[in-house]
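Me: I am new to this structure and would like a close look at one part of it. Please start there and then walk me outward through the rest.

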Amino acid sequence: MSLAIDQEIVAKFDVPGPRYTSYPTAPVWSTDVNAAVYAEKLAAFGRTRGKTLSLYIHIPFCRSLCAYCGCSVVIRKKDERFADEYIEYLFKEMDLVHLALGGRPRVRQLHWGGGTPTFLNEAQIERLYKGTLKYFDVDPAGEVAIEIDPRTIDRSKVQKLRALGFNRVSIGVQDFNEEVQKEVNRRQPYSVVKELNDWCREPGFASVNFDLIYGLPRQTPESFSATVEQVVALRPDRVALYSFAYVPWLKRHQRKIDASLLPSGEAKLDIFLRARERFLESGYKAIAMDHFALADDELAKAFEAGTLYRNFMGYTVKPADEYIGVGVTSIGFLENTYVQNAKALPAYYAALDAGRLAVERGKVLTDDDRARQWTIHSLMCRFRIDKRDFQKEFHADFDRYFQDEQAHIRRCVQDGLLRVQNGSLEVCDAGKLFIRNICMGFDHYLKQKDALTRFSRTV
Ligand code: SF4
């Protein structure tokens, strides 16, 4: 299905806005949530029965800095001692978490992200994986995923990952065009990714995901179409097509990017729409905001069934009730509370050396936060809001609860983004492209002064 978007609509909605991997979003979290609060939440979770858990482990190291990077990274050329020391601290943190939990909980989803998890050598990967099992009971039938930088892996490391129990890989591709790669300081020829893709298919990972980014310097609709052709030829099970978050005022290294080389909002949307059309023609289903998956992939099935979830690891299939993040800058969510670890290595190490959980900030959700979180989540993952479900969940009438938001809903309907239908709000095709803008109308905290200055543009 091809979508024609009026340029006036693009101009109207191309504004700064959150990506809603959390609600409330990180800028409104505070230091009120500290190590003591986190320990209480862990203990409360430990006392509950039957709740499931996701575990995220952050490896912050990268060999070089990509100009577009939006993550918290530590650049280390190749000195593996840094990683050995870091793994020790991860175990110190797991020890404290384990103590507070009072047990070894079942983990339904394990995800290693970064940074670059494959910065670790095989021995370090094995040590970290096996060490984690001492503290967490990782379900081998669950989702065990790792992010791979193609420049830091060989066939033997791929086989090691599979042998340990990883069953999903996510490969950072971004763009195959050499000019774009040069501009963003990330050179990785197509042949390298193709070879890696072949290696991942040999030991039978359940799913191979490619991450792509649109909106990078020197990208054009034509150049990115060529990248999409190459991606389609390799047939990954899933593709995440992220919009480049250009925030040089927050990420200083992005200042190296020549802003005049960035595609305009109009061109950026054209790049996305062409890519979307090509994926759909090639047998992929569009999943929520910015993902595509082969029809038989679990992500596509979950989207169809309305059971898709979204958290800091992105869209996911095997949701857990709560998640714990381990490592510098990691984020967790449990007992209705977001927690984030220290963002700098020295602060992270110092807290653990003092025998304290390394939490720096977070947010305990209010009842209103929960109602808005549910609403935004429903829009992002299901493209609809069922008012009866809201009533069941919060014992409140949706329209009465969101009285102040009715004007926003009406505007979205007039602009062709939303449709009101039999007790539900349905997102129209055009609204799927501007889903962040629809969600923003339900975000209580955006009413605060300067609230938007920290976010990238929605287009
Ligand atoms: S490899 Fe990933 S995390 Fe590391 S600098 Fe590049 S984009 Fe950032």
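Where is the place of Phe402?

Reply: Happy to help, and one thing to keep in mind from the start is that this is a predicted model. Phe402 sits in the loop that runs between helix 14 (398–401) and helix 15 (406–414). Its relative accessible area is 0%, and therefore Phe402 is buried. Setting aside the neighbours within four places in sequence, the residues in contact with Phe402 are Ala371, Arg372, Thr375, Phe390 and Phe442. Lys392 makes a useful landmark here: Lys392 and Phe402 are 10 residues apart in sequence, and their C-alpha atoms are 15 Å apart in space.

Now let us step back to the domains. The domain assignment gives domain 1 as 1–20 + 366–459 and domain 2 as 21–326. The C-alpha centres of the two domains lie 26 Å apart. Between them, 33 residues of domain 1 are in contact with 32 residues of domain 2.

Next comes helix 2, which covers residues 35–47. At its start, a side-chain oxygen of Asn34 comes to within 3.2 Å of the backbone nitrogen of Ala36. The length of helix 2 can be checked with a little arithmetic: counting 1.5 Å a residue, its 13 residues should span 18 Å, and because the end C-alpha atoms are 18 Å apart, the two values agree. Several residues of this helix are buried, namely Ala35, Val37, Tyr38, Lys41, Leu42, Ala44 and Phe45. A general point helps in reading such a list: an α-helix has 3.6 residues a turn, so residues three or four places apart point the same way. What do the buried residues of helix 2 pack against? Their partners are helix 3 (80–101) and a set of strands: strand 1 (53–59), strand 13 (322–326), strand 14 (331–334), strand 15 (337–341) and strand 16 (359–364).

If you follow the chain from helix 2 towards strand 1, you meet Arg49 in the loop between them. Arg49 has a relative accessibility of 71%, which is over the 50% cut-off, so Arg49 counts as exposed. Arg49 and Pro105 are 56 residues apart in sequence, yet 9.9 Å apart in space, C-alpha to C-alpha.

The loop on the other side of helix 2, between helix 1 (7–13) and helix 2, holds Pro24. Look at the backbone there: the peptide bond from Tyr23 to Pro24 is cis, with omega near -5°. Another cis peptide bond runs from Gly114 to Gly115, where omega is near 20°. Gly115 lies in the loop between strand 4 (106–114) and helix 4 (122–135).

Gly115 also brings us to the ligand, as it is among the residues around it. The others listed there are Cys62, Ser64, Leu65, Cys66, Tyr68, Cys69, Val73, Thr116, Asp149, Arg151 and Arg186. By kind, this shell divides into 6 nonpolar, 3 polar and 3 charged residues.

Two further loops deserve a look for their backbone angles. Thr329, in the loop between strand 13 and strand 14, has a positive phi of about 70° although it is not a glycine. Its relative accessibility is 10%, under the 20% cut-off, so Thr329 counts as buried. Glu335 is in the loop between strand 14 and strand 15, and its phi, near 50°, is also positive in a residue other than glycine.

Two more residues round off the tour. Arg155 belongs to helix 5 (residues 155–164). With a relative accessibility of 43%, which falls between the 20% and 50% cut-offs, Arg155 counts as partly exposed. Not counting residues up to four places away in sequence, Arg155 touches Trp199 and Glu202. Lys78 is 77 residues from Arg155 in sequence and 19 Å from it in space, C-alpha to C-alpha.

Asn209 is part of strand 7 (residues 207–214). Its relative accessible area is 11%, so Asn209 is buried. The side chain of Asn209 makes a polar contact of 2.8 Å with the side chain of Ser170. Leaving aside neighbours within four places in sequence, Asn209 is in contact with Val169, Ser170, Ile171, Arg238, Val239 and Ala240.

Notes. Residues are numbered from 1 along each chain as its sequence is written. This is a predicted model: local features need pLDDT of at least 70, side-chain atom pairs count only at pLDDT 80 or more; totals for chains, interfaces and linings use all residues. Side-chain values use heavy atoms; hydrogens and water are left out. A residue is near a molecule or strand if one of its heavy atoms lies within 4 Å of it. Ala, Val, Leu, Ile, Met, Phe, Trp, Tyr, Cys and Pro count as nonpolar, Asp, Glu, Lys and Arg as charged, and the others, Gly among them, as polar. Helices (H or I, at least four residues) and strands (E, at least two) are DSSP runs, numbered from the N terminus. The expected span of a helix is 1.5 Å times one less than its number of residues. Buried means under 20% relative accessible area, exposed over 50%, partly exposed in between (1.4 Å probe, protein chains only). Contact means heavy atoms within 4.5 Å. A polar contact is a pair of N or O atoms within 3.5 Å; within protein, one must be able to donate a hydrogen and the other to accept it, and residues adjacent in sequence count only if both atoms are side-chain atoms. Domain bounds come from an automatic or database domain assignment.
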